[in-house]
Amino acid sequence: MSQEVVVENYNTVDKAAIAEAFGKAAKSYDRHAQFQRDVGYRLLESLPSDLSGLSILDLGCGTGYFSQQLALRGAIVTCADLSEGMLQQAKLRCGEQVSSYQQADAEQLPFENGTFDLVFSSLALQWCDDLSYPLREMKRVTKMRGKLAFSTLLDGSLHELEKSWSEIDSYQHVNQFISSNQVKIALAQASCHNHHLDLPSITVWYDTAFELMRDLKGIGANHVSGRSHGLTSRRMLRLVEQEYRKFQNHQGFLPATYQVCLGVIQL
């Protein structure tokens, strides 16, 4: 597949379809989100342990796991997510620990300028067309001398799964992610000059490739722009499993490698 086609697919993200995929996964999300929690905790480490009285937006809050963690540190938290289904799960988890719940598109936030002291967004911004747009919006709704903390996925994530599928058919089965250089360009475009980036590579180990794909579906991350919409047969899954075995370690475990960007922006 040419790079031009990949970019075209990425830039025609269907947000309604993304919201639907995450909505369907809302009730199963927490059972499959160990990697997401790992990244979220790493991002949380960049914030003070005492957030008492600070107004914080959890953008792309999902089921509210980190909304609750922020509230436990004393923050006044607003949950925002593209998926109404996820917000419902966040309400079940957090209840009155969170001050408000808002369905929101990260590229067009429904908040006034300078509403929050801090915006926290973990593994949500990769679903946006252009990272500079949500960064501009996050900056807009944050007070002067406030802070933005975000994590997103970079190119090379899930390369083992992508390579395995490429041996089976010519369809796109893994979403394309931006490079670290593109993150830096987006930061410059959003006039976020005072920032620090950490770029860890995180590997999650599985017994089978099917378990990885089940996790991706379980968190709603199975929406892929430009993919075939036909059903995946058991035969195809067996072939993918066979190809994925080429990546196994000496103990027989299969790696799922993620390239992560953890960013903190001081306004």
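Buried means under 20% relative accessible area, exposed over 50%, and partly exposed in between, with a 1.4 Å probe and protein chains only. Helices (H or I, at least four residues) and strands (E, at least two) are DSSP runs numbered from the N terminus.

This is a predicted model, where local features need pLDDT of at least 70, side-chain atom pairs count only at pLDDT 80 or more, and totals for chains, interfaces and linings use all residues. Residues are numbered from 1 along each chain as its sequence is written, and side-chain values use heavy atoms, with hydrogens and water left out.

**Exercise 1. List the buried residues of helix α2 and find what they pack against.**

Step 1. Helix α2 spans residues 15-25. Its buried residues are K15, A17, I18, A19, A21, F22 and A25.

Step 2. Apply the contact criterion: heavy atoms within 4.5 Å. The buried residues of α2 pack against α5 (84-94) and α9 (209-218).

**Exercise 2. Trace the strand pairings of β4.**

Step 1. Check burial. In β4 (116-122), 6 of 7 residues are buried, so the strand is mostly covered.

Step 2. Apply the pairing rule: DSSP must find at least two bridges between two strands. β1 (55-59) and β4 pair in the parallel sense over 3 bridges. Here D58 stands opposite F120 of β4.

Step 3. Turn to β5, residues 142-153. β4 and β5 are also parallel, over 6 bridges. L118 has K147 of β5 as its bridge partner.

**Exercise 3. Identify the strands that pair with β8 and give the sense of each pairing.**

Step 1. Locate β8 at residues 254-266. The strand is mostly covered, with 11 of 13 residues buried.

Step 2. Take β5. β5 and β8 are antiparallel, with 7 bridges. T152 is bridged to C261 in β8.

Step 3. Take β6, residues 195-198. β6 pairs with β8 in the antiparallel sense over 4 bridges. D198 stands opposite L262 of β8.

Step 4. Take β7, residues 201-206. β7 and β8 run antiparallel and are joined by 6 bridges. V204 stands opposite A256 in β8.

**Exercise 4. Describe the surroundings of P255.**

Step 1. Place the residue. P255 lies in strand β8.

Step 2. Classify its exposure. P255 counts as buried because its relative accessibility is 8%.

Step 3. List the contacts, leaving out residues up to four places away in sequence. P255 touches E160, T203, V204, W205, Y244, F247 and Q248.

Step 4. Add a distance. The C-alpha atoms of P255 and L153 are 16 Å apart, and 102 residues separate the two along the chain.

**Exercise 5. Work out how α7 packs on α10.**

Step 1. Fit the axes. Axes are lines fitted to C-alpha atoms, for helices over the stretch in contact, and angles run from 0 to 180 degrees between N-to-C directions. Helix α7 (residues 159-166) and helix α10 (residues 234-244) pack at about 120°, with axes 8 Å apart.

Step 2. Classify the angle. Under 35 degrees counts as roughly parallel, over 145 as roughly antiparallel, 65 to 115 as roughly perpendicular, and the rest as oblique. α7 and α10 are therefore oblique to each other.

Step 3. Name the contact. From α7 come E160, L161, S164 and W165, and from α10 come M236, L237, V240, E243 and Y244.

Step 4. Sort by class. Ala, Val, Leu, Ile, Met, Phe, Trp, Tyr, Cys and Pro count as nonpolar; Asp, Glu, Lys and Arg as charged; the others, Gly among them, as polar. The contact of α7 with α10 has 6 nonpolar, 1 polar and 2 charged residues.

**Exercise 6. Analyse helix α6, its packing on α8 and its cover.**

Step 1. Helix α6 (residues 132-140) and helix α8 (residues 180-189) pack at about 40°, and their axes are 8 Å apart. That makes α6 oblique to α8.

Step 2. S132, L135 and R136 of α6 meet A186, L187 and Q189 of α8. This contact has 3 nonpolar, 2 polar and 1 charged residues.

Step 3. The buried residues in α6 are S132, P134, L135, E137 and M138. Their cover includes β1, β4, β5, α8 and β8.
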